[in-house]
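User: Hi! I'm new to reading protein structures, and I'd like to go through one with you feature by feature. Could you give me the general idea each time, then the case at hand?

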Amino acid sequence: MRRTFLGGVHMNEHKNTAKSPIETITPPEYVAIPMQQHIGAPCKPLVNIGDTVLIGQKIGDNPTALSCPIHSSISGTVERMEKRLTTNGSFVEYIVIKNDYKGAVSSELAPHTILLGDTSSEKIIQKVREAGVVGMGGASFPTYAKIQSAIGKASVIIINCAECEPYLTINHRLMLEHPEEIINGTKILMRAAKIKKAIIAIEDNKLDAAEKIADNITDHSLIDVEVFKTKYPQGDERQLIYALSGIELKQGQLPADVGFVIFNAESCAVIYNAFTTGMPLVSKLITVDGECMKSPKNLSVPIGISFKDIIDFCGGLTHNCDRIITGGPMMGVAQWDLNSVAIKATGAILALPALTETEPHCIRCGRCVRACQMHLLPALLAQYASINDFDMCKELNIMSCVECGCCTYICPGKVPIVQHIRNAKQELRARQALKK
Amino acid sequence: MTDVVIALCPALFWSIYVFGWRSLTLTILAVGSAVGFEYLFQYITKRTITAGDMSAVVTGMLIAFNMPVTAPLWLPVIGSAFAIIIVKQLFGGIGKNIVNPALAARVFLLSWSNIMMAFVQPMTSISPISVTVSSETIDVISTATPLATLKTGMLDQSLLLEKFYGFIPGCIGEISVLMLLLGFIYLLIRKVITPHITMSFILTLAGFTFLYGYLTGNASPFEYMLHHLLSGGLFLGAIFMATDYTTSPFSPSGKIIFGIGCGLLTALIRIFGGYPEGVSFAILIMNSFIWYLDKWTRPRVFGGNPEKAEKKG
């Protein structure tokens, strides 16, 4: 029996790009780098218009608060700074850099020459911060802060390679092509967080990668591979912890409260590269796929490259494309502008066709109830939310919903359950804010 | 919904074999008028037409399955009109009805009790197209169902095996337990329903009737129990009506309580009530409890109840 959790859905995986090696995209003419790509305070620009910047040069930071520095991904000239609307509805400052195609790397970057065993935890955390590493699975919490919060509390590191969203194969490719980066990055994290045990979590649809990783591990008592049943959303940290240990995270609890700390596979690779070459986080691995993408690929792209450049590199869109989604199809965000850019949290760009419109109706079949990983009653939540009975929603624990979308995926009546729930949660949060 | 129609087909074929083509005529009339009334209602009230979604087909089939083969041809039309317009559409359409439309229609049709109780022996030849079946041409009224015989306390002469494969007087769709079980297995394999309601319903009735038979000093309580299980509409109700999504609870424990309630009420009505059959009433009564059952048997939220967690923190 493979490790797994209760609820969730088995879905059509669409892992079309699992055999596509990671390619490096041709450098774009412009990149637009947003000053906020992480949870925390936005960065303040460290460069002015007209400045020449080099690859890896720090162009934004905010030392006073929880934040994470941002580096230039190409060499060139800062052409302008502008505020742009982002998908979450807020304005963020962007630094637009014109490429000089010299590919010059900042001279400040240098490999870490001291042996890992002789490097203190504080030193590593400092280095991780300087490399601009954030959680690259989508939440983009600054990694250095996560390490700090785990010291003394967590006893096991989980490296999340579950990659449970459909279409996404980039972690799979990373594991196959650079297993040593993930493993060595994990060792650095273990040293930093003073933890003696790490588990690399992989779903059983990637057994080749699991073998590859296991072959590259020298000491299995320190780092080990755990294989999980392929089921969405196994990559959710609650369900990873539950499948591993049977512990259920309470609402508001962090993994560190129950002895775990979870990092993304790509974050490990970036940390490893920051130590061996000195290069901070300036490029992102993404899967470009979807029925309407002419030639799907796995790509390494510079941070700040526009979706248009990426899509052009992948042969463009077919005429029936209805929407572009960043991230997986389950929890990703639909974009309205192809000038949007790839940031540290971008894991995928998907071009999808339109859905056939049908009148939604609930027949109370209860599939959403069985699929709910949080064990809620999605059908009732959606009904109460749609008639604005938010008090009843609250009583039915709507705030425990993690918006994984399983209910909506499985619904035979095509009820937009998770959208109803999101609306209600937003309303309830707004009321809470008013009370304060 | 197509799966439910497929699952109902063995019972339909069997009744055509036992009661002749009139079974099919009645079923087609019920299905046709159910779909027709749904279309008409949605057309007149300018709603989205969903009459083609097979749900009305299932309702129509179940209405026909719940009447004797001697029923006049206008009876299924009236039944479908009541089920679709009053029970389903006036409550808001698919998924909004508070009781099972086909069952409500059956209980409504019981107001023509002489028609609804006019059972015939298997293999009686009846015209498939004549509007009414005259009691003068066929000896209909005299045949009591096995359940009615059971009510008087005597075990009737028909063999249990005959009841199992369905060679007894009864409603069109309810006579063959074997054919209904085939449908049940199909529904389970296709994962259309879970076994919770059906099993708890049948087992509760089995336990209660066995106990009753034992306590009242029946010579063979086990046989008495089997007669109860194999007679009447138990399997039709437990497999196809009690498991209706819209009128049954969400959670497994809720489903089991629902099934137990149905079983108990059926036994009480059959044994102590004035009417030989209690399945329909039992399910309709339990239908009205589902909101409470949903509330009482809410699954425990992952990580525990948030309010409690806050207090501890």
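Analyst: Sure, let's start with the words helix and strand: helices (H or I, at least four residues) and strands (E, at least two) are DSSP runs, numbered from the N terminus. B:Ile44, for instance, sits in helix 2 (residues 22–44) of chain B. Before we go on, this is a predicted model: local features need pLDDT of at least 70, side-chain atom pairs count only at pLDDT 80 or more, and totals for chains, interfaces and linings use all residues. Residues are numbered from 1 along each chain as its sequence is written, chains are lettered from A and ligands numbered from 1 in the order in which they are written, and side-chain values use heavy atoms, with hydrogens and water left out.

User: Is B:Ile44 buried or exposed, and why?

Analyst: The general idea first: buried means under 20% relative accessible area, exposed over 50%, and partly exposed in between (1.4 Å probe, protein chains only). B:Ile44 counts as exposed because its relative accessibility is 59%.

User: Which residues join B:Ile44 in a nonpolar patch on the surface?

Analyst: Patches are made of residues with over 30% relative accessible area and no salt bridge; like charges are joined within 9 Å, nonpolar side chains (Val, Leu, Ile, Met, Phe, Trp, Tyr) within 5 Å. A salt bridge is a side-chain nitrogen of Lys or Arg within 4 Å of a carboxyl oxygen of Asp or Glu. Accessible areas come from the Shrake-Rupley method with a 1.4 Å probe, and for residues only the protein chains shown count as cover. Here B:Ile44 is grouped with B:Tyr39, B:Leu40, B:Tyr43 and B:Ile49, and together the five have about 540 Å² of accessible area.

User: Now for the inside. How many residues does the largest nonpolar core have?

Analyst: A nonpolar core is a set of buried Ala, Val, Leu, Ile, Met, Phe, Trp, Tyr and Cys residues joined through side-chain atoms within 4.5 Å. The largest one has 78 residues, and B:Leu8 and B:Phe240 have the most contacts inside it. Helix 1 (residues 2–19) of chain B gives the most to this core, with 10 residues. There's also a second, separate core of 48 residues, which includes A:Val133, A:Ile147, A:Met190 and A:Ala193.

User: What does B:Phe240 touch?

Analyst: Contact means heavy atoms within 4.5 Å. Not counting residues up to four places away in sequence, B:Phe240 touches B:Val4, B:Ala7, B:Leu8, B:Leu62, B:Leu180, B:Gly183, B:Leu187 and B:Phe235.

User: Why is helix 14 of chain B described as largely enclosed?

Analyst: Count its buried residues: 7 of the 9 in helix 14 (residues 279–287) of chain B are buried, so this helix is largely enclosed by the rest of the structure. Among them are B:Val279, B:Ile283 and B:Met286. The buried residues pack against helix 5 (101–109), helix 10 (196–215), helix 12 (234–241), helix 13 (252–272) and helix 15 (290–296) of chain B. Chain A has a case too: 7 of the 8 residues of its helix 3 (residues 170–177) are buried, so that helix is largely enclosed as well. Those buried residues include A:His172 and A:Arg173.

User: How many salt bridges does the structure hold?

Analyst: There are 25 over all chains. In one of them, A:Glu226 pairs with A:Arg3, their closest N and O atoms being 3.0 Å apart. A:Glu226 lies in strand 11 (residues 223–228) of chain A and A:Arg3 in the segment before strand 1 (22–24), so the pair ties together parts that are 223 residues apart in sequence. A:Glu226 is partly exposed at 22%, and A:Arg3 is partly exposed at 30%.

User: Where else should I look?

Analyst: Try A:Asp236 and A:Arg238, whose closest N and O atoms are 2.9 Å apart in a salt bridge. A:Asp236 is buried at 16%, while A:Arg238 is partly exposed at 23%. Then find A:Lys58, A:Asp61, A:Arg129 and A:Glu130, which are linked in a network of salt bridges.

User: How many disulfides are found over all chains?

Analyst: A disulfide is a pair of cysteine sulfur atoms within 2.5 Å. The search of the whole structure finds 0. Take A:Cys268: its sulfur is 7.3 Å from the closest cysteine sulfur, in A:Cys161, which is too far for a bond. A:Cys268 is also buried, at 0% relative accessible area. For B:Cys9, the closest cysteine sulfur is in B:Cys171, 18 Å away and again too far for a bond.
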